Amino acid sequence: MYKLLRPLLFRLDAETSHDLVLDGLAKASNSRMICQAIKLVYGTKNLSKPRKLMGLTFPNPVGLAAGLDKQANACNALHAFGFGWIELGTVTPKPQAGNEKPRMFRLTNHNAIINRMGFNSIGLDKFITNLAKANPDIIKGINIGKNAATPMEHANDDYLIGLRRVAEFADYVTINISSPNTKNLRNLQQDEQLDSLLGILNHERQRLSDELGKAIPLVLKISPDIDQVQIHGITRLLRTHQIDGVAATNTTLSRHSVQNSTLAPQAGGLSGSPMHNQSVEIISALYGHLRGEIPIIGMGGIDSPQAAITTLQAGADMIQLYSGLIYQGPKLISQILKGIQKTKSYGVQDQHHR
Ligand SMILES: Cc1cc2nc3c(=O)[nH]c(=O)nc-3n(C[C@H](O)[C@H](O)[C@H](O)COP(=O)(O)O)c2cc1C
């Protein structure tokens, strides 16, 4: 079906078609019957291969990456496509419009996207109203960020506000300090600032855990544009502050593999096939330090079963999709699940863990 739909969607500009599809999925999310129908066509229940990580049992290891459902209103329908779990957001404390349009571009020849959305967000109040309506049985990661108007010296406060507000509804919370589209956000990956941020959030999640009577796993989402020294520093701080997982990676500022595209000069983060190797290298380096002690959620240019296998073999425990879904459609989820069941890599990774 997506084969027929894609040419029509690709005639519209990237954000218009995104909004159109998300509006439809938001409506579908309110109808059990439509979600059931989607499951009948795309469902992956028979491919279920549960994974226990971060104290959660994920029905399968293929999740939706953050940024597609920033409003948390299409969760039920997206889940019906067969994802093991859904990551919602990034949500910022206050509503904000994000950058000026156009801010999302398809590099069709490369199966890639450049975006500089800049955390367009409905803000926590509306986000939580939507979130509370989603099926509680779906495993949800909630991805939190900071408002562009919040000075960097107060960035920690925005993450604290986000954590406090989403904790009740989140199965885990992702701390997003790796978007390239909020000025200086990636500075939070630097040693001193990260130490301070993770320290505060770890402390607060322990307090919230006691208050709510449930675990609140924290995941740190990192950029692919970091060097070996930074990777080492980050893994050290993940351990120090008992962070439960690391999501690698966000989009890249590199244009190395899309130099011939007329859209390459567009500002923003590049995602999709051209960044696959770069993400895999980061995941591999992370795994070299973590050795299975802290799970890795791998993403970046996964658009085929082989790319999924490569990511898992590099050390990821689970994977997430965004650009691959845009280019290949929702069938990609079951194709990957079938593909990874056929390989040994999946079983090998299983042994690494607790
Ligand atoms: C249009 C767009 C918007 C995104 N927005 C977010 C976001 O809000 N928060 C986030 O953590 N990642 C965001 N991402 C990054 C994805 O979650 C993912 O890390 C990245 O795209 C690499 O995966 P992919 O190659 O499968 O797309 C966005 C990606 C795209 C293409």
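Q: Between which two elements does the loop that holds serine 121 run?
A: The model here is predicted. In it, serine 121 is part of a loop, and one end of that loop meets helix H5 (123–133). The two elements that the loop joins are E6 and H5.

Q: Is serine 121 buried or exposed?
A: The cut-off for buried is a relative accessible area under 20%. Serine 121 has 8%. Because this value is under the cut-off, serine 121 counts as buried.

Q: Which backbone atom does the side chain of serine 121 reach?
A: The side chain of serine 121 makes a contact at 3.1 Å. A polar contact needs a pair of N or O atoms within 3.5 Å. The partner belongs to glycine 123, and the atom is its backbone nitrogen.

Q: What is the phi of phenylalanine 119, a residue in the loop between E6 and H5?
A: Most residues other than glycine have a negative phi. Phenylalanine 119 is not a glycine, yet its phi is positive. The value is about 55 degrees.

Q: Is phenylalanine 119 buried or exposed?
A: Phenylalanine 119 lies in the loop between E6 and H5. Its relative accessibility is 4%. Because buried means under 20%, phenylalanine 119 counts as buried.

Q: Is arginine 291 buried or exposed?
A: Arginine 291 has a positive phi, near 50 degrees, and is not a glycine. Its place is the loop between helix H9 (276–290) and E12. With a relative accessibility of 58%, and a cut-off of over 50%, arginine 291 counts as exposed.

Q: Where is the residue that follows the cis peptide bond from lysine 101 to proline 102 in the loops of the chain?
A: Most peptide bonds are trans. The bond from lysine 101 to proline 102 is cis, with omega near -5 degrees. Proline 102 lies in the loop between strand E4 (85–91) and strand E5 (104–107).

Q: What is the omega of the peptide bond from alanine 248 to threonine 249?
A: Threonine 249 sits in the loop between strand E10 (245–248) and E11. The bond that joins alanine 248 to threonine 249 is cis. Its omega is near 10 degrees.

Q: What is the separation of the C-alpha atoms of serine 304 and glutamine 335?
A: Serine 304 belongs to the loop between strand E12 (296–298) and helix H10 (305–314). At 22% relative accessibility, serine 304 counts as partly exposed, because this class runs between 20% and 50%. Along the chain, serine 304 and glutamine 335 are 31 residues apart. Their C-alpha atoms are separated by 7.6 Å.

Q: Which residues come nearest to the ligand?
A: A residue is near the ligand if one of its heavy atoms lies within 4 Å. There are 22 residues around the ligand. Those that come nearest are Ala66, Lys70, Thr90, Gly301 and Ser323.

Q: How far is a polar side-chain atom of serine 323 from an oxygen atom of the ligand?
A: The side chain of lysine 221 has an N or O atom 2.9 Å from a ligand oxygen. A polar backbone atom of glycine 301 is 2.7 Å from an oxygen atom of the ligand. For the side chain of serine 323, the distance is 2.6 Å.

Q: What share of the ligand's accessible area does the protein cover?
A: The ligand takes up the space of the largest pocket. On its own, the ligand has 610 Å² of accessible area. The share that the protein covers is 98%.

Q: How many charged residues does the shell around the ligand have?
A: Strand E6 (112–115) and strand E11 (269–272) each give two or more residues to this shell. By class, the shell has seven nonpolar and 13 polar residues. Its charged residues number two.

Terms used: Residues are numbered from 1 along each chain as its sequence is written. This is a predicted model: local features need pLDDT of at least 70, side-chain atom pairs count only at pLDDT 80 or more; totals for chains, interfaces and linings use all residues. Side-chain values use heavy atoms; hydrogens and water are left out. A polar contact is a pair of N or O atoms within 3.5 Å; within protein, one must be able to donate a hydrogen and the other to accept it, and residues adjacent in sequence count only if both atoms are side-chain atoms. Accessible areas come from the Shrake-Rupley method with a 1.4 Å probe; for residues, only the protein chains shown count as cover. On a 1 Å grid over the protein atoms alone, a cavity is a set of points where a 1.4 Å probe fits but cannot get out, and a pocket is an open set with protein on both sides within 12 Å along at least five of seven lines; lining residues have an atom within 4 Å of a point. A molecule sits in a cavity or pocket if more than half of its atoms lie within 2 Å of its grid points. Helices (H or I, at least four residues) and strands (E, at least two) are DSSP runs, numbered from the N terminus. Ala, Val, Leu, Ile, Met, Phe, Trp, Tyr, Cys and Pro count as nonpolar, Asp, Glu, Lys and Arg as charged, and the others, Gly among them, as polar. Buried means under 20% relative accessible area, exposed over 50%, partly exposed in between (1.4 Å probe, protein chains only).
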